[in-house]
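Hello,

I am passing a structure on to you, and I hope you enjoy looking through it. My notes on what was found follow just below it.

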Amino acid sequence: MTDQEQTITPADATIVSSGLGTKGPEERTLPATLQEDMDLCLNILRQVLSEYDENLLKTFDTVRQYAVDASAERFSGVLTDTHPERDDLEMAVKTIDAMNLHDAQLLARAFATYFHLANLCEENYRVAVLHEREAKVDDTQAIDPVNEMTKAYHQLISEMGPAKAKELLERLEFHPVFTAHPTEARRKAVEGKIRRIAQLLEAHRLLGGSDKKEDSRRLYSEIDALFRTSPIALKKPTPVEEADTILDIFDNTLFHTIPMVYRRFDDWMLGDKAGIEPPACPAFFHPGSWIGSDRDGNPNVTAKVSRQVARKFSDHVLAALEEATRTVGRNMTVESETTPPSDELRALWNQQKEISERLTGKASLISTKELHRAVLLVMADRLHYTIKRDTDLMYHNCDDFLADLRVVQRSLAEAGDKRAAYGPLQDLIWQTETFGFHMVEMEFRQHSVVHARALDDIREHGLHGERGPLQPMTHEVLDTFRALGAIQKRNGVKAARRYIISFTKSAKNVRDVYELNRLAFSNPDDAPVIDVIPLFEQLEDLEHSVSVLDEMLKIPEVQARLKQTGRKMEVMLGYSDSSKDAGPTTATLALHSAQERIAKWADENDIDLTLFHGRGGAVGRGGGPANRAVLAQPKGSVKCRFKRSPTQGEVIFARYGNPVLAIRHVESVAAATLLQSAPSVEKTNTEMTEKYKPMANQLSEVSHETFLDLLNSEDFAPWFSIVTPLTEIGLLPIGSRPAKRGLGAKSLDDLRTIPWIFSWAQARINLAAWYGLGSACESFGDLATLRKAYEEWPLFSTFIDNIEMSLAKTDERIAKMYLALGDRPDLSKKVLDEMELTRKWVLKIVGDEWPLQHRHVLGQAIRIRSPYVDALSVTQVLALRSLRKKVDKEELSESQQAGFIYLILCTVSGVAAGLQNTG
C-alpha cells in the first residue's frame, strides 16, 4: 500500500506538463509481472511454512481464504465473493480465536513475512517500469521526459529566460532531515534479509537454467530465514545505534546515488559536452539529522551521545571519501608526458612533501611520472590520518580537501584531459560538496520550557552552583552547547549549527537559547556559531508566528547572524502537533496560511527565508508525496530551497533504500522545488488560494469544532488507550524516544504524535488523517465548489488525495472490533459516523465509487493486500481483548502475559508492513 507513487490530479496537471502519470481508467487486475512476482513469493512462503509445520500452512491457508472472501464482500462489485452465503470475516475471527498463543504468534509472523515480500514485489515492479520508460527515451531530445528535473528546468527557461533559470538552479537546495525517532517497525536483521531477497527477486526474471535454479534455492533459503527470524528486536536501540539507520542508507545508496542525480541532469543539459566541461548541476542535496541531537522529551540523548554520534558520522564519511579518493587516484594513470601537471599541482605536491616525506615517497614509488595520481594518493592517506586525528598529517577542514581536489581538476583541464577532469574526479568533488566531513548536518532540538527552567535554576543558584546545587537537567543543557561547540571544532560549523526550539511561544524563547549558549563557556570566543530556529507547532502558535518573528529581529544575536549569512533565516512549522492539536483539516489550512504570512513577512523584511516543513510519513503528520506538497506551497515560501523533516524509519527505507527509486525521489523533489518558483505555478497557487479562501475558512471552522468535540469528550484519553494498542506500541523497540514527553503531562496534550497516529492506523481507523472533514463538507454542502477546488487548487487536491489514500487503508468492520474494546458506544458512534461521512464526501469530490478506484495499480494493490492485513488486525484485536480481560481478572502468569505482548507486537510489525506506514 505504498503511497510513494501517487498520481497527478487535475490541479497538478495545470502546473506540470507530465509528471508521475495521471489518473487512468479503473484497473481490476495487477500488471502481469507484478502478479507473477507476488505469486512466486507466496508459493515460496507456503513451501517454507509447510516445511516448518504442515498444520501452520493449513491454518495460514484457511485464514487467508476466509480473509480473501471477506475482502470480496467488502469490495462488493469489484471482487467476486466465492461464498456469498457465509460471513467470512466472522469465520476468520473464530478460526484465529480458537488458536493457542504459540500458534497465533507463528501465524502472525507468517503474514508479516508475506507483507515484506509483497513490498519487495511492488518495489521491483516500480523499478522495472522506470527502466522501461528510460529505455524508450530518445536521447536526442532536449528534455528527458523521465527526468523531472530537466522538464522543470526547461519550463523555467521558457517562462523566465535562461539567465533567471540558471540563477534559480544555483539556489536549489533539497535538505531532507532524518529524524531521531525512527518508527520503522522492523528489525535491522530483518532489513538485511529483505535487501538480499530484493536482489535475488530482481535477478530471477532475467536468469535461466542452472542460474535460475540457484537463484530460486537462495530465495527459498532467505525467505525461510526471514520467517524464522523474530520480527521484534530484543531491546530498544540507543540513540548511537539509531545512527546506523543513516550509515546503512549512506553506504547502500546515498554516497553513490547522489552524484548520479547530478550527472543525469548534466548529461541532458550539456549534451555531448557532458563530462568534458564544468558541470551545470550544483551539489544541491544536503542531508540533515536529528538522530543523536534531538533531545526534546528524550532523556537518552545527552551531550555525550551527541558527541559520539557526530564522531560516528564523521569517521564513516571520511572513510568513504578516503576509499573514493584512493580509487580515483589509482585509476588516474595519466603520464606527465601526455598530461603535464600545472605549476599549481606541482606546488601542491611540494606542500605534501613538506607535510610528510614518508607519504609522498610511498606515492612516488607507486606513481612514477604520474603526478596527478601521486597527489591523489597522498590526499587519500591524509583522509586516513584525519580519522586517526593525527594533527601533523590530517586535513583540518573539508574546505582544504576540496581545494586540493580542485587543484587536481584544474591541472587536468589545463593539460587538455577534460574527461579525466570532469569524470570520476567530478563525482568525488560532488560527494565532498554534498557530505563534507560530517555526512549529515546535525540539528539540535529542545523544548522551550527546558531552557526557561535552566535559566531560572541558574539565576537562583548561580552559574556554578554558588548558592546551591544546580539541577541535573541544567547541567545537561549547558553541556549540550559545549557538545555543539566541540562538534563544530572537529567537523566544521556546517556539522552542527542549527538549534531548534520546540513549542516556541515568544521571542523570549529565542533569547533564552542565545543566553544559555553564552553562559556555557568561560571564554566567549569558545561559544559555537548557532542559528536558532523557532518551531511553531500548535494552532495558536501558528497564528502568532509573524509577531514572534518581528520580535526576533530585535535580538542582537539574530541581527548579527543575518548580517553574516546574507540575511538568511530558517523557520520551522510543525505538522504533527498542529494536526493533533486542531485536527487534520484545520491544521493543513492553518499551516498554509502561516506560510503565506511568513513568506510575506520575509519579503517585507528582506529575509532570505527557508521554511522547514516538519512533515512525517503518515498523512496525519503532513505526509504524502513530497513533490506535490512542494508544488502546492504559497508564493515565496520555497524559493528553490525545500527542507523537510521528519524523514524517518520506514520512509527513509522506502525513499532511499533502492538506488533507482532514490534517484527518482530526489529528482522529483528537486524538480518541484525548482518549478515552484515558476510564474505559472505561483500564479495558480496565489489565485486559487484567494478564490477558495471562504470555502477553506468554513471547512476549517466546522472541522475544528468536530475534532475538539471528540477530543474533549469525557475520559477520551483513557478510552483511546483502550481501543488502540497504544500501550503495547510503547513497548515496541522501534526507537529510543519515549511515547510521552517528560514534562509531567498526564493526558493527550503530551502524547507524542507518532504513537497517536500509529495507534489509530493499527486499529484500521486512521482517525488522525481525516476526522472532522466529513462534517465540514456536510455543513458546507456545495459539492460543485468542492469539486472545482479539487480540480483547480493544488493544496486542496493534494489534501483530498492523501485522505482518500488514508481511507483506503481503513476498514469499518475491523474498526468496530477495536472500538468495542472501549465499552463507549457514544464515542464509537461518533468515530464511525464521521468515517462514513468523510468517505462519502471524499468519494463524491474525486468522482470515485470506492477509494482509489481510478489510481493506476495502487487501488488494486490495496485490494490484494487487504485480506492479509485483515487477518493480522483480527489477530491483534483478539489478543488485545484476551490480554486485557485476563489481566483484569489476574488470570495470567508473567510469562503468559509476555507471550500475549509478543503476539501483539508481531501483529503491530506486520500491520505496519502491510499498511506501509507507522507514524
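A good place to begin is the largest pocket, which has 42 residues in its lining. If you want to find its centre, look for Glu 441, Lys 494, Arg 497, Arg 498 and Lys 568, the lining residues that lie nearest to it. Please keep in mind that this is a predicted model.

The space in this largest pocket comes to about 1,000 Å³. By type, its lining consists of 16 charged, 14 nonpolar and 12 polar residues. Helix α24, which covers residues 556–565, gives the largest share of that lining, with 4 residues.

Now for the protein as a whole. Its secondary structure amounts to 42 helices and 8 strands. There are 919 residues, and 62% of them are buried. Among contacts with a separation of 6 or more, 81% join residues that are 24 or more positions apart. The accessible surface is about 34,500 Å², and carbon and sulfur atoms account for 51% of that area.

The interior is worth a look too. In the largest nonpolar core there are 142 residues, and Phe 284 and Met 569 have the most contacts inside it. Leaving aside residues up to four places away in sequence, Met 569 touches several partners, including Leu 549, Met 552, Leu 553, Val 558, Leu 562 and Trp 601. Ile 607, Asp 608, Leu 609 and Thr 610 are also among the residues that Met 569 touches. A second core, separate from this one, has 122 residues, among them Leu 219, Ala 763, Tyr 771 and Leu 821.

Happy exploring, and best wishes

Notes: Residues are numbered from 1 along each chain as its sequence is written. This is a predicted model: local features need pLDDT of at least 70, side-chain atom pairs count only at pLDDT 80 or more; totals for chains, interfaces and linings use all residues. Side-chain values use heavy atoms; hydrogens and water are left out. On a 1 Å grid over the protein atoms alone, a cavity is a set of points where a 1.4 Å probe fits but cannot get out, and a pocket is an open set with protein on both sides within 12 Å along at least five of seven lines; lining residues have an atom within 4 Å of a point. Grid points are joined across faces, edges and corners, and a volume is the space filled by probe spheres set on the points. Helices (H or I, at least four residues) and strands (E, at least two) are DSSP runs, numbered from the N terminus. Ala, Val, Leu, Ile, Met, Phe, Trp, Tyr, Cys and Pro count as nonpolar, Asp, Glu, Lys and Arg as charged, and the others, Gly among them, as polar. Buried means under 20% relative accessible area, exposed over 50%, partly exposed in between (1.4 Å probe, protein chains only). Contact means heavy atoms within 4.5 Å. Accessible areas come from the Shrake-Rupley method with a 1.4 Å probe; for residues, only the protein chains shown count as cover. A nonpolar core is a set of buried Ala, Val, Leu, Ile, Met, Phe, Trp, Tyr and Cys residues joined through side-chain atoms within 4.5 Å.
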